[in-house]
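User: Please take a close look at one part of this structure for a reader who is new to it. Set out its local details in order, and then place them in their wider setting.

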2 protein chains.
Amino acid sequence: MIKEILARDLNPEQFIHEKVNEIKDTVGNGIAINALSGGVDSSTVTMIGHRALGDRLKTVFIDNDLMRQGEPEAVAASFRKLGVKVEIINAKEDFLAALKGITDPEEKREAITQTFYKKVFGQIVRESGAKFLLQGTILTDVDETIAGIKRQHNVFEQLGIDPQEAFGYRIIEPLIQLRKDGVRIVGKALGLPEGSFARIPFPGPALAARIIGEVTKERLDTVRKATAIVEKLLGHTDAFQYMAILHHDRVTGMRDGKRDYGQQIEIRCWESTDARVATPTRLSFEILEKLAGEIINEVPGIVSVTYNIAPKPPSTIEAV
Amino acid sequence: MIKEILARDLNPEQFIHEKVNEIKDTVGNGIAINALSGGVDSSTVTMIGHRALGDRLKTVFIDNDLMRQGEPEAVAASFRKLGVKVEIINAKEDFLAALKGITDPEEKREAITQTFYKKVFGQIVRESGAKFLLQGTILTDVDETIAGIKRQHNVFEQLGIDPQEAFGYRIIEPLIQLRKDGVRIVGKALGLPEGSFARIPFPGPALAARIIGEVTKERLDTVRKATAIVEKLLGHTDAFQYMAILHHDRVTGMRDGKRDYGQQIEIRCWESTDARVATPTRLSFEILEKLAGEIINEVPGIVSVTYNIAPKPPSTIEAV
């Protein structure tokens, strides 16, 4: 049973101090490694780990082609400013090959997990000689995995998987007692820049979780373009999270007076403090129409745009 | 080339007088038949035909199982009050059998057209001895069929089909110079009750056009329940048309803390005068949230609800 630390009870300096010491004790003179996605969880873990281990923490950014436009370079540059070196690993082909033909959401997550941990990251860890893996798992990930709602890519112990046996390294999860609001407080205390610690969540499966049906290079490009528009136009809101989802269903549309049997983008924008419950943001129709207009005009193949109006539960934050 | 009559140039009494005389001249002492769906087009045609032919117009309502809850009985009762006898034909099994396994929208429309005209209606016409068919085709149907956007079920000549040769009867289309706004004016002048002439459009494929993917008895029940909620909650608006669309894509949801890989309903509500161009109604979030809440609570299997925010074009009014 994991003991939750509520955001309101959290003393960030004390929390950081304790976690830094725990990591020092566990790793000793060894080498640790972590994979940074640029989200608030992995960014915070990177900073805690760096504070504990300095250069003995090797931080990699795995470019799985599921990320936003220019994301790998932007994340690496942002951490360079904080004195943390991040190595970008190009693993696009590995992930696309693993996702080929898969439409079931759980199989998709499983393919990403396996490719990430066994194939790509496993090899990096073996080559690095690290015996410890720092990971940004939070309590909500554990809850959702146990409940069987979504298999989070970073939860093993609770599923009866021994990572030491399965992958050859031990996992350290300094944030596992926190939820998203707590992580943001710790991230801020660690000096993460505003654009990072306050950044909207972008979970492990990344854009693959924003595609209903098969994940292909072309469909990733489609949802990536729509995501850029949604993030640009909703960046001024203080919503918890916002996203573009590419549907598999086709709907009838028309272009230049001719039938165009096209695709649909669903926009979600959430109000939430901890992702456990959430309600759609009451965006103005000025913004909604602007979102629809830009997506229709700038993203090839899209003839229809919807806005999600159902709360979580029974919805979930992501569609896949 | 059909000569359009714009709503603003329309003299409804003169129009009705002319059409009644044309129908009298064409049908002579013969018998005519028409199929009433309860929509404004077929309701208006029924009234014009009845005025021209009296009891020599036989009006049938074909229950294809694609209609709204209680619709056949409600339509027949409403016309009984106007002195028009309507015979309800139960053809549910014929339509469900014809739609089995079909997912392509055009094939769906084609299956409905063939079942309607060849199988069900063809037999009724042969048994009735009628040589004339009155039909509520309007100019927008013709335009969309010619442009190849949607194959309207009631457009033949423009597709090079001779109905006399194909089906054994001649088609009379008194409303073909009008658009929806013009038909409403004529319907009102003919004494159609408010709930009928001002009724939101519900085209021939009916609920089959509100289902993405295969049309089955179960999926019809789902979209019928959602439709009843949408029409109840949006009945007070003066929107041009509103509808519930059942998607085929599945999205992740949660019920009672467990994963529920469920279905999604998309709501569309349109502002338009003639259906050629349309924009989503700027509904309040109070209404949007109420719609989502009732659909989620009352329609089995639905975990997510969206609201369409894209204009026509490039969207179309219906999704299929």
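Analyst: A polar contact is a pair of N or O atoms within 3.5 Å; within protein, one of the two must be able to donate a hydrogen and the other to accept it, and residues adjacent in sequence count only if both atoms are side-chain atoms. The model under discussion is predicted.

The close look begins at Thr59(B), a residue of strand 2 of chain B. With a relative accessible area of 3%, Thr59(B) is buried, because buried means under 20%. Its side chain makes a polar contact of 2.7 Å with the side chain of Asn34(B). Leaving aside residues up to four places away in sequence, Thr59(B) touches Asn34(B), Leu36(B), Thr46(B), Val84(B), Lys85(B), Val86(B) and Glu87(B).

Glu87(B), one of those neighbours, also forms a salt bridge with Lys58(B), in which the closest N and O atoms are 2.9 Å apart. Lys58(B) belongs to strand 2 of chain B and Glu87(B) to strand 3 (residues 86–90), so the salt bridge ties together parts that are 29 residues apart in sequence. Both partners are partly exposed: the relative accessible area is 28% for Lys58(B) and 34% for Glu87(B).

Strand 2 (57–63) is followed by a loop that leads to helix 3 (71–81) of chain B, and Asp65(B) lies in that loop. Asp65(B) is not a glycine, yet its phi is positive, about 70 degrees. Its relative accessible area is 5%, so Asp65(B) is buried. Another residue other than glycine with a positive phi is Ala275(B), at near 75 degrees. Ala275(B) is found in the loop between strand 7 (258–271) and strand 8 (279–280) of chain B, and it counts as buried at 14% relative accessibility.

Further side-chain pairs can be followed elsewhere in chain B. In general, side chains of opposite charge can pair when their charged atoms come close. Asp41(B) and Lys180(B) meet in a salt bridge of 2.9 Å, N to O. This pair links distant parts of the chain, with Asp41(B) in helix 2 (residues 40–53) and Lys180(B) in helix 8 (residues 180–189), 139 residues apart. Both Asp41(B) and Lys180(B) are buried.

Asp221(B) and Arg224(B) form a salt bridge whose closest N and O atoms are 3.4 Å apart. Both lie in helix 10 (residues 217–234) of chain B, 3 residues apart, about one turn of the helix. Asp221(B) is partly exposed at 33% relative accessibility, whereas Arg224(B) is buried at 10%. In chain A, Asp65(A), Lys217(A), Asp221(A) and Arg224(A) are linked in a network of salt bridges.

Gln135(B), in the loop between strand 4 (132–134) and helix 6 (139–146) of chain B, supplies another polar contact: its side chain is joined to that of Glu173(B) at 3.5 Å. Gln135(B) counts as buried, at 7% relative accessibility.

The wider setting is the pairing of the two chains. In all, 50 residues of chain A are in contact with 51 residues of chain B. About 4,200 Å² is buried between the chains, and carbon and sulfur atoms give 58% of that area. On the side of chain A, Met254(A), Phe285(A) and Ile309(A) lose the most area to chain B, together 18% of what that side buries.

The interface of chain A and chain B holds 6 salt bridges, one of them between the side chains of Arg282(B) and Glu289(A), at 2.8 Å, N to O. There are also 22 residue pairs in polar contact across this interface. Among the elements of chain A that give two or more residues to its side are helix 5 (105–128), strand 6 (241–255) and helix 11 (285–298). Strand 6 of chain A provides the largest share, 9 residues. By class, this side of chain A has 23 nonpolar, 13 polar and 14 charged residues.

The chains also meet through strands. Strand 9 of chain A runs antiparallel to strand 9 (residues 302–308) of chain B, and 3 bridges join them. Tyr307(A) has Tyr307(B) as its bridge partner.

Cis peptide bonds are found after these strands. Pro313(A), in the segment after strand 9 of chain A, is joined to Lys312(A) by a cis peptide bond with omega about -15 degrees. Pro314(B), in the segment after strand 9 of chain B, is joined to Pro313(B) by a cis peptide bond with omega about 5 degrees.

Terms used
Residues numbered from 1 in each chain as written. Chains lettered and ligands numbered in written order. Predicted model: local features only at pLDDT ≥ 70, side-chain atom pairs only at ≥ 80, totals over all residues. Heavy atoms only, no water. Contact = heavy atoms within 4.5 Å. Buried area = accessible area lost by both parts, 1.4 Å probe. Salt bridge = Lys/Arg side-chain N within 4 Å of Asp/Glu carboxyl O. Helix = DSSP H or I, 4+ residues; strand = E, 2+ residues; numbered from the N terminus. Nonpolar A, V, L, I, M, F, W, Y, C, P; charged D, E, K, R; others polar. Pairing = 2+ DSSP bridges. Buried < 20%, exposed > 50% of the residue type's maximum accessible area, 1.4 Å probe, protein only.
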